[in-house]
Amino acid sequence: MEGNKDLIESYKLTTVRDRIGIYGQRLILRLVEFATAEGATQNLDFKNGKDLRQVEISEDLFYKRITMPLEYITGDSDNRSKPRASIKALMQEIIEAEDEDGDWFAFPFLSFAQVKQGDITVEVRKELWQVFMDFRKGFRCFELQVALRLKSTYSLRLYKLMSEQNDINYLDFQLDELKKMLGVGDKYPRPYDFFKYVLDPAKEELDRVAPWSFTYSPLTSRRQAGGRAAIVGVRFFPSYQPEHRDPDLEKNRLRQRFPGALAPGLNQAQTNILLHKFDFTQKGLLNNRELFKAAVKHLDFTAFLLDLAPRVSEKRPKNIPGYVINAIKMELSAQGVDI
């Protein structure tokens, strides 16, 4: 049986509008899995193109070609007709992003697909790997096997949105925005129908099998004179269900599982200083990934952090991570490095 893992997904993918169905969502999960494993050199042997799970990845100057067992996205079935609609939808899905210089680029999510007996092959631009590893807008972390087992695309999307939201009390979404995100922008004109046929079934499935679920309440506009208040949004309250959490993953948190993905360029000593002396969270490391890359490249970063520690202890700023980030930016600017 394939092992479970915590998967890190860029928030850019978590919030993309859902028009691709459950098989398209599962295909994205698998591609993110491969990109993360390749970047962290975990479990996959990309030099000879295969591993114990029979994934083959080859590349040329512009594209990566990935072949995997069809059951990786269809479950225990190799029905070749199942993923066709999702594949065609992904071919029409345009990915937009910016590189580190702020230059905009766009391309179709898939440029080629082939489904044979028992296998699926897709071809993607190499830039898609760059989008997968772009955490500047934030990220979500969730159990891969839970995500793959979910039957509803609504459940999967909401599971990813709610996962690991320990540090917030609620998430607010405008109703129209949320409906578009879940792929039902032109359906359920009555909000209570949207709640009944989308949110409630998704909550029921997550309550039953997922480590993260939610409760919710409608957000209403101000009541007009003589009229009724309109429902304009939804407030979600993420809820953790430890009984559904993989106990092995709980013992091996993100710090051990994905050091390369979370803090690329940082060695273990630098990571420990940022986490334990300067109160950074894993999310804080990831959200400032590009800044740390620049600091490692242009500064003696370990010495800089050690020199900064006494100043932080003396000043005791309310927001220690923010103070450290500003200090790094000022030092890089003094060295003539643009951030």
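A residue counts as partly exposed when its relative accessible area lies between the buried range, under 20%, and the exposed range, over 50%. All the views below come from a predicted model.

**View 1. Tyr188, a loop residue with a positive phi.** Tyr188 sits in the loop that joins helix H8 (175-181) to helix H9 (191-209). Its relative accessible area is 23%, so Tyr188 is partly exposed. The phi angle of Tyr188 is near 55°, which is a positive value in a residue other than glycine.

**View 2. Asp279, a residue between helices H13 and H14.** The loop that holds Asp279 runs between helix H13 (268-277) and helix H14 (282-287). Phi of Asp279 is near 60°, again positive in a residue other than glycine. With a relative accessible area of 46%, Asp279 is partly exposed.

**View 3. The protein as a whole, for orientation.** The protein has 17 helices and eleven strands. Its chain has 339 residues, of which 49% count as buried. Among the contacts between residues at least 6 apart in sequence, 65% join residues at least 24 apart.

**View 4. The crossing of helices H7 and H9.** Helix H7 (residues 153-162) and H9 cross at roughly 70°, and their axes come within 8 Å. H7 is therefore roughly perpendicular to H9. The crossing in which H7 passes H9 is right-handed. From H7, the residues in the contact are Tyr154, Ser155, Leu158 and Tyr159. They meet Tyr197, Val198, Leu199, Pro201, Ala202, Glu205 and Leu206 of H9. By class, the residues of this contact between H7 and H9 are nine nonpolar, one polar and one charged.

**View 5. Gln241, in the loop after strand S11.** Gln241 is found between strand S11 (231-240) and helix H10 (247-251). Its relative accessibility is 12%, and a residue under 20% is buried, so Gln241 counts as buried. Apart from neighbours within four places in sequence, the contacts of Gln241 are with Leu206, Asp207, Ala210, Pro211 and Ser213. Of these, Leu206 also takes part in the contact of H7 with H9, on the H9 side.

**View 6. Pro218, in strand S10.** Strand S10 spans residues 212-220 and includes Pro218. Pro218 has a relative accessible area of 35% and is partly exposed. Ile231 is 13 residues away along the chain, and the C-alpha atoms of Pro218 and Ile231 are separated by 6.3 Å. When neighbours within four places in sequence are left aside, Pro218 is in contact with Phe195, Ile231 and Gly233.

**View 7. The two sides of helix H4.** Helix H4 covers residues 84-92, and Ser86, Ile87, Ala89 and Leu90 in this helix are buried. These buried residues cover an arc of only 160° around the axis, which puts them on the same side of H4. An α-helix has 3.6 residues a turn, so residues three or four places apart point the same way. Ala85, Lys88 and Gln92 are exposed on the other side of H4.

**View 8. Helices H15 and H17.** Helix H15 (residues 289-298) packs with H17 at an angle of about 45°, and the axes are 11 Å apart. At this angle H15 is oblique to H17. H15 passes H17 in a left-handed crossing. On the H15 side, the contact is made by Leu291, Phe292, Ala294, Ala295 and His298. On the H17 side, it is made by Ile325, Ile328, Lys329 and Leu332. The residues of the contact of H15 with H17 comprise seven nonpolar, one polar and one charged.

**View 9. Helices H16 and H17.** Helix H16 (residues 301-315) and helix H17 (residues 320-334) pack at about 130°, with 11 Å between their axes. H16 and H17 are therefore oblique to each other. Here the crossing is right-handed. Phe301, Phe304, Leu308, Arg311, Val312 and Lys315 are the H16 residues of this contact. Those from H17 are Ile320, Tyr323, Val324, Ala327, Ile328 and Glu331. The contact of H16 with H17 contains nine nonpolar, no polar and three charged residues. Ile328 of H17 takes part in this contact and in the contact with H15.

Terms used: Residues are numbered from 1 along each chain as its sequence is written. This is a predicted model: local features need pLDDT of at least 70, side-chain atom pairs count only at pLDDT 80 or more; totals for chains, interfaces and linings use all residues. Side-chain values use heavy atoms; hydrogens and water are left out. Axes are lines fitted to C-alpha atoms, for helices over the stretch in contact, and angles run from 0 to 180 degrees between N-to-C directions. Helices (H or I, at least four residues) and strands (E, at least two) are DSSP runs, numbered from the N terminus. Angles under 35 degrees count as roughly parallel, over 145 as roughly antiparallel, 65 to 115 as roughly perpendicular and the rest as oblique. A crossing is left-handed if the near helix is turned anticlockwise from the far one by less than a right angle, and right-handed if clockwise. Contact means heavy atoms within 4.5 Å. Ala, Val, Leu, Ile, Met, Phe, Trp, Tyr, Cys and Pro count as nonpolar, Asp, Glu, Lys and Arg as charged, and the others, Gly among them, as polar. Buried means under 20% relative accessible area, exposed over 50%, partly exposed in between (1.4 Å probe, protein chains only). The arc is that of the directions from the helix axis to the C-beta atoms.
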